[in-house]
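Biologist: I would be grateful for a close look at the aromatic ring pairs of this protein, with some attention to the parts of the chain around them.

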Amino acid sequence: AAFAFILNPNSTYSSLNNVSVISNSWGGPDSNNTAWYEYLQEAQARGISVLASSGDSGDNPNSKKYVGTDFGFPASMEFNNFGITSVGGDTLKLNSNLHILNETAWYISANDTADSGPAGSSGGISSIFNETSWQKDTEANNVIQNKGLGVPDISAIANNTFVLISISGSTGYYRFWGTSIASPVTAGIVAEMDAVLNHYNQSNLG
């Protein structure tokens, strides 16, 4: 319902007519939703990028917080020419000059009780969606081997991060970790890229 509303807002929320990217920080079992299929096609036709977090250790049976879950809908709902861009997580370490020291797959060990480990970026191969044509043309196919869609597509920072959140005028800093950070961070980057493209009279990334 939220997806449909963002694509077709009422007059009270007319500013949504300028949306160029949508981010999802939630997930459920790997599944195919026909309504989303149509919405994703509409988003692609309108140049709107749709991103979704891949999940936080859903494929780790020892996870205290995410037992019984796995990567899946909507992150895995992807087709050759449209669909979700799934975003996994990585750990980013900077030096005092804010230059990147290294970037690795995001993972919290079981010994890190402060962050309720183990936890980490979920990924895998969909049992419902086929491997996309462009995944078959990359080194990803060495792992996927035509078994299904590989998730995630890309990754971004997911380690402990202070985030400024503004909701209806109320703002505050919060400490978060997970792919629910990675997806909106990437969405913000996509929105900035779209703004530059639009400045030069070019289309959104979509």
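**Aromatic pairs and their surroundings**

Modeller: Trp-26 has a relative accessible area of 42% and is therefore partly exposed. The model in which this value was computed is a predicted one. Phe-73, in contrast, counts as buried, because its relative accessibility is 9%, under the 20% limit for that class.

A pair of aromatic rings is described by the distance of the centres and the angle of the planes. In the whole structure, a search finds twelve aromatic pairs. One of them joins Trp-26 and Phe-73: the ring centres are 5.8 Å apart and the planes stand at 65°, so the pair is edge-to-face, the angle being over the 60 degrees required for that label. This pair links distant parts of the chain, with the two positions 47 residues apart in numbering: Trp-26 belongs to the loop between β1 (21-24) and α2 (34-45), and Phe-73 to the loop between β2 (49-53) and β3. Phe-79 and Phe-82 also form an aromatic pair, in this case stacked, with 4.9 Å from centre to centre and 25° between the planes. Phe-79 and Phe-82 are both buried. Trp-26 and Phe-73 also belong to a cluster, linked by ring pairs, that includes Phe-3, Trp-36 and Tyr-39.

Phe-79 leads on to a further buried site. Thr-132, in the loop between β7 (124-125) and α3 (133-136), touches Phe-79 as well as Glu-78, Asn-80 and Leu-149, residues up to four places away in sequence being left out of the count. At 1% relative accessibility, Thr-132 counts as buried.

Another threonine, Thr-179, is found in helix α5 (residues 179-199) and is buried, with a relative accessible area of 0%. Beyond four places in sequence, its contacts include the aromatic residue Trp-106, together with Ser-53, Val-87, Ser-121 and Ala-158. Helix α5 also holds Val-185, which counts as partly exposed because its relative accessibility is 33%. Val-185, Ile-189, Met-193 and Leu-205 make a nonpolar surface patch of about 330 Å².

Val-87, touched by Thr-179, brings the description to strand β3 (residues 85-94), which runs antiparallel to β4 and is joined to it by five bridges. Across this pairing, Lys-93 stands opposite Asn-102 in β4. Five residues lie between the strands of the hairpin, where Leu-98 takes a positive phi near 65°. Strand β4 (residues 100-105) lies largely in the open, because the number buried among its six residues is zero.

Methods
Residues numbered from 1 in each chain as written. Predicted model: local features only at pLDDT ≥ 70, side-chain atom pairs only at ≥ 80, totals over all residues. Heavy atoms only, no water. Buried < 20%, exposed > 50% of the residue type's maximum accessible area, 1.4 Å probe, protein only. Helix = DSSP H or I, 4+ residues; strand = E, 2+ residues; numbered from the N terminus. Pairing = 2+ DSSP bridges. Contact = heavy atoms within 4.5 Å. Patch = residues over 30% accessible without salt bridge, like charges linked within 9 Å, V, L, I, M, F, W, Y side chains within 5 Å. Areas by Shrake-Rupley, 256 points an atom, 1.4 Å probe, with all protein chains shown as cover. Salt bridge = Lys/Arg side-chain N within 4 Å of Asp/Glu carboxyl O. Phe/Tyr/Trp six-rings, centres within 6.5 Å; stacked < 30°, edge-to-face > 60°.
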